[in-house]
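Visitor: I'm new to this structure, and I'd like a close look at a single part of it. Could you take me through chain B, on its own and where it meets its neighbour?

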Amino acid sequence: MKRIERVVILGANGAMGAGSGETFAAAGITTTFLARDRDKAERGRARAVSMAKSEAISRYIRTGGYEELPAAVAEADLVLEAVGEELPLKRQFFDLVERHRREDSIVATVSSGLSMAAMAAGRSESFRRHFLGIHLFNPPNVIVGTEVVPQKDTDPALTAFVIEFLERRLGRKVIETSDTPAFAGNRIGFKVLNEVAQLAAEHGVLYLDTLLGPHTGRAMAPLATIDFVGWDIHRAIVDNLHAHTNDEAHAAFALPGYMARLAEAGHLGNKTPERGGFFRQVPAAKGAAQEGGGQGLWVLDPARGEYRPAAELATEPPEIVRRMKALHRVGRYREALGLLLTTEGHDAELMRRVVLGYVSYGLGRVGEVVRAVRDVDRIMGFGFNWAPPGLLVDLCGARPVIEALERLRLPVPRCLVDHAERGQRLFTEPFVDAGRFFHG
Amino acid sequence: MTPPPVYILGGYQTDFARNWSKEGKHIAALIREAVEGALEATGVEPREVEVGHVGNFAAELYAMQGHLGAFLVDVDPAFAGLPTGRHEAACASGSIALLAASAEIEAGRYDLALVVGVEQMKTVDAKLGGDYLGTAAWYEREAKGVEFPFPKLFGRLGDEYDRRYGLKDEHLAHISAVNYANAKKNPLAQTRNWYMSEEHACARGRYNATIGGRIKISDCSQVTDGSVAVLLASPRFAETYARRRGRTIESLPRILGWGHRTAPIEFDAKVAESRQSPYVLPHTRQAIVDAFRRAGIAEVWQLHGIETHDCFTTSEYMAIDHFGLTQPGESWKAVEEGVIELGGRLPINPSGGLIGAGHPVGATGVRQLLDAYKQVTGTAGEMQVPGARRFATLNIGGSGTTSCVFVVGN
């Protein structure tokens with residue numbers, strides 16, 4: 001019987017490494033944090049303690065530099081790689097892991113989108129049978145949605161065991177995805193985010209984040225989300241998808257030119273507060289000195305590559321936004337989404353295009369990236385904290401959604417048509433309050 | 001004359017991990033979600049509901065909103081004209097609403113009652129929230145100008161145990177760890193993804209600071225937004241309801257017994273009054289005895305589990321001997337022997353209780369009854385006590401002031 005009692009984290013000083021390590025240590029599993037040197041690994045331990053808000057998890061964490069990798073890997077049941085998101089670097093580490101691992105140990109990567117097949121290529125049969133992706137979302141101690149990504153040689157029994165372990169022991173909400181670019185969550189999510197970034201060139205940043213804010217079923221507005229994720233990460237994900245997928249969303253994965261230019265100039269979102277991203281917080285004194293006055297929130301003008309105070313740009317939110325938020329505020333979610341489907345005018349049309357485009361693209365991945373609607377719903381709900389596509393369909397009604405997709409000339413996913421014929425509920429995840437996704 | 005039994009048809013609990021202020025929600029949304037959820041879960045038609053009761057502690061303070069009964073009418077057009085009211089007894093508000101609804105059914109006024117417990121607490125910071133909670137004590141004498149008055153009051157409950165019988169903090173830490181562990185099995189618990197261990201609960205320091213006296217953060221229940229609705233029915237409605245679902249009325253759980261007592265509001269007065277009693281809170285003990293008598297229960301071991309009011313670990317410690325699991329002052333024995341754990345002889349708070357599941361003050365009593373319902377109908381999922389047929393709840397308002405007990409079973 002397989003067991004996971006000893007885990008090694010490679011790259012344990014980074015956000016994903018320390019966060020992943022915390023989830024294992026918090027479950028009482030002995031976890032060795034390895035990094036370039038012991039000091040860095042200790043910083044990872046400190047991050048994990050701070051995430052758990054408890055010194056008590058420290059007893060489950062050992063630390064060391066990579067010189068300790070051979071001994072640590074030799075006794076590990078699971079080696080989780082969380083080094084930089086570059087294939088050659090990851091392959092270097094897998095060389096070392098392969099040399100020192102036990103024949104029955106599991107090797108996994110937290111990669112958010114690189115090809116599992118490319119990582120496994122050229123490895124021994126034992127390695128390939130025991131190798132798969134465990135994609136946790138950042139921060140792993142808060143976001144429980146998890147993708148497990150086997151490659152063609154992964155032992156199916158091992159995949160099933162890992163999923164069971166992650167769910168039962170670590171309390172994760174897991175889906176299995178195919179080894180396709182960016183897997184399920186990021187492919188569906190970043191299609192929406194990049195599409196909104198493209199639209200921002202024409203419609204403006206503030207307008208789009210207002211139009212497609214939390215009332216459309218997400219914890220954070222799309223462009224603010226890209227700033228939060230970081231423009232470099234965003235670029236890596238959409239470039240990968242643009243290069244390696246060719247479906248109806250191909251054009252939506254093209255990074256807008258203004259983003260490419262600004263990213264080159266060091267505008268990477270919240271991680272570069274001086275330069276900012278779509279938004280920039282200007283402290284009082286600097287605002288006065290550098291920008292000709294006006295501290296507080298500044299907003300990017302994509303056409304000019306310049307920032308202007310939000311206060312100067314702010315206008316009344318569109319009527320449909322105001323009405324949807326008022327309905328969400330008192331728990332009338334169905335009625336709010338009814339407005340999304342039925343309201344006329346440019347604002348509603350744009351909102352429909354993006355929100356129903358998400359439903360169409362998300363459900364369209366069933367059969368390609370994941371097996372069932374439940375998988376798409378699970379990862380968008382628990383990984384992105386977005387209203388799952390199936391839930392949006394249930395609240396709007398399958399028939400009206402199909403009709404709206406046809407009007408918008410967006411693909412109508414097969415599973416949606418089947419569902420409409422059966423008349424059952426599409427969203428099946430238990431114990432999820434629909435209302436938690438819709439902000440007033 | 002024996003009153004007719006009151007049946008429980010089921011209900012709905014919102015996810016206690018949510019922060020409804022961050023979601024930009026009015027308390028009306030909390031009420032609506034619970035009611036819509038309860039109607040769907042039970043298959044009851046809105047037009048069948050004859051009366052509505054809301055339990056809530058302090059919406060006027062937390063949400064600047066009173067008159068909560070009126071918000072029920074807003075949920076469905078069929079509720080137009082529905083008689084409603086709101087009930088308040090601090091943390092026991094939910095149970096008081098249940099008592100009022102069940103009394104009306106017993107009296108034959110109505111056949112089907114909707115009971116909602118609700119509290120939205122994350123509208124204010126912890127300190128101000130602590131001050132609001134102070135109004136559940138004698139505010140002017142016990143809470144005004146005191147930072148976090150309730151942890152201090154329940155710390156003194158522990159001190160009183162210590163003085164009379166001796167009390168070790170490790171036993172309190174174990175109670176906390178059990179509740180957090182149970183909460184991990186409860187998909188609606190606020191702390192289901194939080195880290196906790198006995199070692200952490202025993203530690204005092206940066207991540208487990210002292211809040212008042214012997215009470216540390218890990219000894220405390222949570223600040224929670226939440227709403228719970230249940231439907232209570234007369235035998236007449238229950239008969240029809242069971243038949244249309246292809247069941248017998250005997251398969252529906254009912255309230256087998258209840259107890260309701262009120263002690264002096266000031267903590268010092270309670271302690272002074274109980275000096276001659278082996279029980280530190282004799283009125284709480286009496287509420288339990290009353291409920292047992294009405295339910296025809298001779299001793300606690302006829303129960304299969306308890307959902308108790310662990311607003312602090314000391315209150316669960318008190319509940320253990322007051323329910324009769326041990327002799328007065330010997331609660332630690334049940335803690336050490338694992339009696340109260342899932343899998344133990346008499347599990348307490350399989351839901352995680354107020355510490356693990358969360359404590360939206362006015363909703364707690366209703367949540368306890370709904371969890372007891374889930375247990376005796378075998379629908380409690382991972383937190384199920386195998387074979388449970390009889391469950392009790394204890395809901396307390398103030399520093400042991402208002403005590404409400406229900407015994408639920410088939």
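Guide: Happy to! Keep in mind that this is a predicted model. Let's start with what chain B is built from: its secondary structure comes to 16 helices and 11 strands. Now picture a box laid along the principal axes; the C-alpha atoms of chain B fill one of roughly 55 × 45 × 40 Å. How does that chain compare with a compact globule? For 410 residues, such a globule would have a radius of gyration near 22 Å, and chain B has 20 Å, so the two agree.

Look inside and you'll find that 61% of the 410 residues in chain B are buried. The chain also brings together residues that sit well apart in the sequence: take the contacts with a separation of 6 or more, and 77% of them in chain B are between residues 24 or more positions apart.

Now turn to the place where the two chains touch. Here 22 residues of chain B are in contact with 19 residues of chain A. On the chain B side, two or more residues each come from α1 (27-42) and α9 (198-202) of chain B. Which of the elements gives the largest share of that side? That's α1(B), with four residues. As for the kinds of residue on the side of chain B that touches chain A, there's a mix: eight are charged, seven are polar and seven are nonpolar.

Key:
Residues are numbered from 1 along each chain as its sequence is written. Chains are lettered from A and ligands numbered from 1 in the order in which they are written. This is a predicted model: local features need pLDDT of at least 70, side-chain atom pairs count only at pLDDT 80 or more; totals for chains, interfaces and linings use all residues. The radius of gyration is taken over C-alpha atoms; the globule rule is 2.2 Å times the number of residues to the power 0.38. A residue is buried if 20 or more other C-beta atoms lie within 10 Å of its own, exposed if 12 or fewer, and partly exposed in between; C-beta atoms are placed from the backbone. Two residues are in contact if their C-beta atoms, placed from the backbone, lie within 7 Å. Ala, Val, Leu, Ile, Met, Phe, Trp, Tyr, Cys and Pro count as nonpolar, Asp, Glu, Lys and Arg as charged, and the others, Gly among them, as polar.
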